[in-house]
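Visitor: Please take a close look at the salt bridges of this model, and then place them against the rest of the chain. A connected account would suit me better than a list.

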Amino acid sequence: MDDNKIVDLYLRRDEAAVKHTSRKYGDHLRALAYGIVKDRLTAEECENDTYLEAWNSIPPHEPRNYLYAYLARITRHISLDFCRKRSRLKRRAFISELSAEMEQCIPAPDDMECRIDDIAFGQAINGFLSTLSEEKRNVFIRRYWYLDSISDIAGRFSLSESKVKTMLYRSRSRLRNYLEKEGYIL
């Protein structure tokens with residue numbers, strides 16, 4: 001079913017919206033959640049929570065042109081929250097490691113006056129990603145959006161782990177430079 005029709009079902013509060021969403025995007029959302037929580041049952045729970053959150057948030061939002069991205073963002077946040085709540089030390093350390101890597105190139109000021117407008121910053125990140133080759137962009141997104149491990153990324157793209165690490169390091173450095181040129185204070 002077309003995304004516009006699915007969103008229309010949500011807006012009409014028709015429960016079939018969840019069924020069609022599950023049919024179209026369920027496997028992808030579950031895989032995204034599994035990549036973060038590393039547990040099949042928990043991933044299914046995160047997927048179901050995504051449908052509930054979509055049900056509660058689509059009116060007033062109408063993600064007609066970006067339904068999957070909207071759902072994926074919800075799934076990712078639910079999965080990360082689940083990891084935090086479970087206090088899995090190993091997983092928390094992994095998430096902290098990724099956060100520390102990105103802290104070096106993404107500004108995060110403490111006071112409200114210095115906070116960056118999310119939309120403008122998102123556009124800057126998208127602008128940066130468009131400067132990368134397809135392979136580098138995919139590696140970057142697999143690591144920092146899907147939270148894939150270095151070894152998983154290396155296997156997926158038939159690269160050595162050292163090549164992936166180098167690629168990510170250079171991409172983070174380029175991101176930092178790109179954001180500084182765009183006027184973001186790091």
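Guide: A residue is called buried when its relative accessible area is under 20%, exposed when that value is over 50%, and partly exposed in between. By that cut-off, Asp148 and Arg142 are both buried. Their side chains meet in a salt bridge, at 2.7 Å from N to O. The model is a predicted one, and the structure holds eight salt bridges.

Another of these pairs joins Lys24 and Asp3, with 2.8 Å from N to O. Lys24 belongs to helix α2 and Asp3 to helix α1, so this salt bridge ties together parts that are 21 residues apart in sequence. Asp3 is buried because its relative accessible area is 16%, whereas Lys24, at 34%, counts as partly exposed.

The pair Glu180 and Arg176 has its side chains in a salt bridge at 3.6 Å, N to O. Both residues lie in helix α9 (residues 161-181), where they are four residues apart, about one turn of the helix. Glu180 is partly exposed, at 38% relative accessibility, and Arg176 is partly exposed too, at 31%. Salt bridges also link Asp8, Glu62 and Arg64 in a network.

The helices α1 and α2, which hold Asp3 and Lys24, also have a part in the nonpolar interior. The largest nonpolar core has 28 residues, and those with the most contacts inside it are Tyr10, Ile36, Val37, Cys46, Ile58, Leu67 and Leu71. Two or more residues each come from α1 (3-11), α2 (16-37), α3 (40-57) and α4 (67-86). Helix α4 gives the largest share, nine residues. For Ile58, the contacts beyond four places in sequence are Val7, Tyr10, Leu11, Pro63, Leu67 and Tyr70. A second core, separate from this one, has 19 residues, including Ile153, Ala154, Val164 and Tyr184.

Confidence varies along the chain. The mean pLDDT is 83, and 81% of the residues reach 70 or more. Among the elements, α3 has the highest mean pLDDT (94), while helix α5 (residues 89-103) has the lowest (56). Over residues 88-92 the pLDDT stays under 50, and the model has ten contacts beyond four places in sequence for them. Residues 109-116 are likewise below 50, with six contacts in the model beyond near neighbours in sequence.

Conventions. Residues are numbered from 1 along each chain as its sequence is written. This is a predicted model: local features need pLDDT of at least 70, side-chain atom pairs count only at pLDDT 80 or more; totals for chains, interfaces and linings use all residues. Side-chain values use heavy atoms; hydrogens and water are left out. A nonpolar core is a set of buried Ala, Val, Leu, Ile, Met, Phe, Trp, Tyr and Cys residues joined through side-chain atoms within 4.5 Å. Buried means under 20% relative accessible area, exposed over 50%, partly exposed in between (1.4 Å probe, protein chains only). Contact means heavy atoms within 4.5 Å. pLDDT is the predictor's confidence in each residue, from 0 to 100. A salt bridge is a side-chain nitrogen of Lys or Arg within 4 Å of a carboxyl oxygen of Asp or Glu.
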